[in-house]
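Student: I should like a close look at a single part of this model. Please describe the surroundings of one residue in a strand, and then the sheet found elsewhere in the chain.

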Amino acid sequence: MTVLPDDGLSLAAEFPFATHEQWQRLVEGVLRKSGKEVSGSAAEDALSTTLEDGLRTRPLYTARDDAPDPGLPGFAPYVRGSRPEGNTAGGWDVRQRHTARTEHAALADLENGGTSLWLVLGEGGFPVAELGRAVEGVYLDLAPVVLDAGRDTEQAAEALLRLYADKGVADTAVRGNLGGDPLGYEARTGTALDFAPYAALAARCAERYPGLRALTVDALPYHEAGGSAAQELGASLATGVAYLRDLTEAGLSIEQAAGQLEFRYAATADQFLTVAKLRAARRLWARVAEVCGAPGAQVQHAVTSPVMMSRRDPWVNMLRTTVATLAAGVGGADSVTVLPFDHALGLPDAFARRIARNTSTILIEESHLARVIDPAGGSWYVERLTDELAQAAWEFFRSIERDGGQSAALRSGRLRTDLATTWAERSKKLARRREPITGVSEFPLLAEKPVEREPAPEPPSGGLPRVRRDEAYEELRARSDAHLAATGARPRIFLATLGSAAEYTARATFAANLFQAGGIEPVTEGGFEASGATEAVLCSSDARYAEQAEQTAESLRAAGARHVFLAGRGDHAGIDSYVFAGCDAIDVLSATLDRMGVS
């Protein structure tokens, strides 16, 4: 028996040390009770979760789960942070995004917690000519400005540099990014841009503005097209390498070229995957830089994922963005943009912008998240996940390079196909609610009044698609809304509960939840005739179904039910179809609305 050392904390110190094999045997016993006869590593595999990119998360990580040495913060391979001090000096840069010029909105953000501005101009934003008015009252020598102007980047950059000159801002005090990203624009629109103007801007920044970068490597187009974490990382690496080649061919040194790049990644509510993604991104870029002979620290800008934002019950987005922001901070992002909870609905109001700002402020100031340089460092799970994700991303990057690089992958359609394949697989999980969306596919509230916002400018399109997790359910809910507007009532389904509350409550709750996800109102009071429904679902225990399912189904049909569901699995006479955990909810709901005449 192994006795732990006496450290003055005697609780459980007298118990023997548990081995990994002992834990495995306990797992085998638990699985055996559930009908699974597995042993050894197979028992552990049974409790593992499959992720995208061929990754799996296991139920237990120990010191046996080794990973490459992450080094120290501020030193290669920069896994633990791009700077020795991390964000401990004052937290990460709180970068607020603006797509429309609202009177003094930028100034209000900076006065209330924001530390830099991300301005979208031209397509998908406000006119370049209004740039001066947008930053009216802003101390440009104190607040970094990041531009996002697509094909208007050169014009927007010139306007911003004129503003700096007009306001007497010293060249050495200028900070931010001019936002040039021709490959990102091509991914969004399908239109290729000449790189020469971007190279000229980069040379100008390198020579005159030491705190200003010219180029952004934006991975959001690949994330928003449904790409996995590894695909997002691989595409960003390929883009960064392409820019290094183009910049050095234009006459910049490799050090100058690397210093002109800032990388933008999505932060999702999958907090551990986001932490691992940001850490892996720094490691991968350090490897690229090592081969090129360039400085290896990657500057990272994390943005809470637009894909995860729901249009129904948008208030839940506050929780999603909080988790994503926490993950971005723990992952070591230099700058973080929290998209307002109403981002998917249009232009955010002042309340939404304030909540977005305060999300970072609470995590930095009240939760003290930035006081530790690498909070996740040393976690066997995080270190192993970082390594596995880095390996998967590196393979994807190499496959792009083998096919001719990022521009070739975009123009051949290869990248579109890869991303679409990944999204199709994820869509299956969303349809089967294996990846639940709170407020949409789980616990929807049909009676909630829709949140309305002024429409936002249309973003550039024509290239890779933009997907959302809620899109399939949103289509169903839109059909229900149209039916409500036309008839004064939503489509309804009757829940026929059998037996005691203990017998039917679980499945009745499941069925109500499922059908509401498609905008179908469940009715439980009274009989079928008074419900206004045309279809019904039986809800009870398996034992009760064996006794009453067939007879109850006949009674419902006699009362006018055109289709009878049963909540659960089985083979019962008189039942048309079954709904159960893991069924294709989108298919079930769409077919149900079709039968109900809801178009």
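Tutor: The following account treats one aspartate and afterwards an open sheet. This is a predicted model, in which local features need pLDDT of at least 70 and side-chain atom pairs count only at pLDDT 80 or more, while totals for chains, interfaces and linings use all residues. Residues are numbered from 1 along each chain as its sequence is written, and side-chain values use heavy atoms, with hydrogens and water left out.

Aspartate 93 belongs to strand β3 (residues 93-98); strands are DSSP runs of E with at least two residues, numbered from the N terminus. Because its relative accessible area is 15%, aspartate 93 counts as buried (under 20%, with a 1.4 Å probe and protein chains only). Its side chain makes polar contacts (a pair of N or O atoms within 3.5 Å, one able to donate a hydrogen and the other to accept it; residues adjacent in sequence count only if both atoms are side-chain atoms). One, of 2.5 Å, is with the side chain of threonine 115; another, of 3.2 Å, is with the side chain of arginine 95. Beyond neighbours within four places in sequence, aspartate 93 is in contact with Thr115, Ser116, Asp334, Ser335 and Val336, contact meaning heavy atoms within 4.5 Å.

Turning to the sheet, five strands form an open arrangement in the order β12-β11-β13-β14-β15, with parallel pairing; two strands pair if DSSP finds at least two bridges between them. Strands β12 (521-523) and β15 (577-579) are the edges, each pairing on one side only. Within this sheet, β11 (residues 492-497) and β13 (residues 535-539) run parallel and are joined by four bridges. Phenylalanine 494 stands opposite alanine 536 in β13.

Methods. Buried < 20%, exposed > 50% of the residue type's maximum accessible area, 1.4 Å probe, protein only.
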